[in-house]
Amino acid sequence: MLNWLLVATVVGCTVMGDLLQSLEMKQLGEIQDFRPGGLGRVIGYLARRKYLLLAIVFMAISFFAFMKLVTVADLSFAVPATAGSFVFETILARIVLKERVDGRRWAGACLVACGVALLAH
Amino acid sequence: MDAADRRIRLKTRLFAVIVVLSGAFGNFFLDWGLRKSNTQLSMSPVDYVVAIFDPWVTLGVALLIVWLLARMALLSWADLSYVLPVTAIGYVATALMGRFFLHEQVTPQRWAGTLLIVLGIGFVARTNPRTTPEREIALAGDRPC
């Protein structure tokens, strides 16, 4: 029961973290100035974006939940169980971020999720 | 494909390589440092603070910060549904580093997994990295880049 609760926490927080991060970075637009001053301005701007800060909190929860998961379950269970986040994120990228996800991207996401699951063995 | 598309594709590939390498080496050095120092991590935050002063762990954490920043930059112009599968090659890089540096066993299933990931990346890499128009920001003057 605890294992599946941790899997749900890892997947849910990874999905939310990536989705909010992508949303905020799309709002910012393409970063073109990589000089220290330009990057400083970008970091200053991002530090005020509440969804990005929330995304980092979700990523931290996901990281620590995954560390806890591998202490109570085998890695060969933890990695495949959490690889499903690839498919969930692709679905939400289509619905929430309005990305054009064609057949090649669906096939790619599914193959990668299956590949990650096999890597754990 | 026009010049702007070529520029975006080149920039995307460069940042994808940075994300993959910094992530793989960051995790590797973190693991290496924790193994070498025999650090036992409990629920206490003190253990994490002590662990971070190991030079290998510090290097690992620094590389993972590079990973986070490079990934954020990549997401500023590329789709999430493109970035996720393309940077998944990091799983393969980690498996190969385990094989060559830590002399871990790579089973046939792992090689099959590697093949599936590479195939998946092959599908996604042929698509355009950006399928959505850049969004307008409410405060256009606030846009820093």
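How much area do chain A and chain B bury between them? In this predicted model, the figure comes to about 4,400 Å², with 65% of it on carbon and sulfur atoms. Three residues of chain A stand out here: Glu30(A), Arg105(A) and Leu119(A) together supply 18% of the area that chain A buries against chain B, more than any other three residues. Counted by residue, the meeting of the two chains brings 48 residues of chain A into contact with 53 residues of chain B.

Polar and charged pairings also turn up across this interface. There are 6 salt bridges between chain A and chain B. In one salt bridge, the side chain of Glu30(A) meets that of Lys11(B), at 2.6 Å from N to O. Glu30(A) is thus worth a second look, as it is also one of the three residues named above for their share of buried area. Polar contacts link 15 residue pairs across the interface, counting pairs with both residues at pLDDT 80 or more. On the chain A side, at least two residues each come from α1 (2–28), α2 (36–46), α3 (50–72), α5 (85–95) and α6 (103–119). The largest share belongs to α6(A), which puts in 12 residues. Sorted by class, the side of chain A that touches chain B holds 27 nonpolar residues, along with 12 charged and 9 polar ones.

Now for chain A itself. Its elements are 6 helices and 0 strands, giving the pattern α-α-α-α-α-α along the sequence. The C-alpha atoms fit a box of roughly 45 × 35 × 25 Å along the principal axes. Of the 121 residues in chain A, 45% count as buried. Contacts often reach far along the chain: among those between residues at least 6 apart in sequence, 72% join residues at least 24 apart. As for confidence, chain A averages a pLDDT of 88, and 99% of its residues score at least 70. Among the elements of chain A, α1(A) has the highest mean pLDDT, at 92, while helix α4 (residues 75–82) has the lowest, at 77.

Two loop residues of chain A make a handy contrast. Asp33(A) sits in the loop between α1 and α2. With a relative accessible area of 15%, Asp33(A) falls under the 20% cut-off and therefore counts as buried. Its side chain makes a polar contact with the side chain of Arg35(A), at 3.1 Å. Beyond residues up to four places away in sequence, Asp33(A) touches Gly38(A), Leu39(A) and Arg41(A).

Lys98(A), by contrast, is found in the loop between α5 and α6. Lys98(A) counts as exposed because its relative accessibility is 58%, and the cut-off for exposed is over 50%. The side chain of Lys98(A) reaches the backbone oxygen of Ile95(A) at 3.1 Å. Setting aside neighbours within four places in sequence, Lys98(A) is in contact with Ala93(A) and, on the other chain, Thr132(B). Lys98(A) and Leu19(A) are 79 residues apart in sequence, yet their C-alpha atoms are 12 Å apart in space.

Over in chain B, is helix α4 (residues 80–87) enclosed or open? The helix is largely enclosed by the rest of the structure, because 8 of its 8 residues are buried. The buried residues of α4(B) are Leu80(B), Ser81(B), Tyr82(B), Val83(B), Leu84(B), Pro85(B), Val86(B) and Thr87(B).

Notes. Residues are numbered from 1 along each chain as its sequence is written. Chains are lettered from A and ligands numbered from 1 in the order in which they are written. Side-chain values use heavy atoms; hydrogens and water are left out. Contact means heavy atoms within 4.5 Å. Buried area is the accessible area (1.4 Å probe) that two parts lose on being put together, summed over both. A salt bridge is a side-chain nitrogen of Lys or Arg within 4 Å of a carboxyl oxygen of Asp or Glu. A polar contact is a pair of N or O atoms within 3.5 Å; within protein, one must be able to donate a hydrogen and the other to accept it, and residues adjacent in sequence count only if both atoms are side-chain atoms. Helices (H or I, at least four residues) and strands (E, at least two) are DSSP runs, numbered from the N terminus. Ala, Val, Leu, Ile, Met, Phe, Trp, Tyr, Cys and Pro count as nonpolar, Asp, Glu, Lys and Arg as charged, and the others, Gly among them, as polar. pLDDT is the predictor's confidence in each residue, from 0 to 100. Buried means under 20% relative accessible area, exposed over 50%, partly exposed in between (1.4 Å probe, protein chains only).
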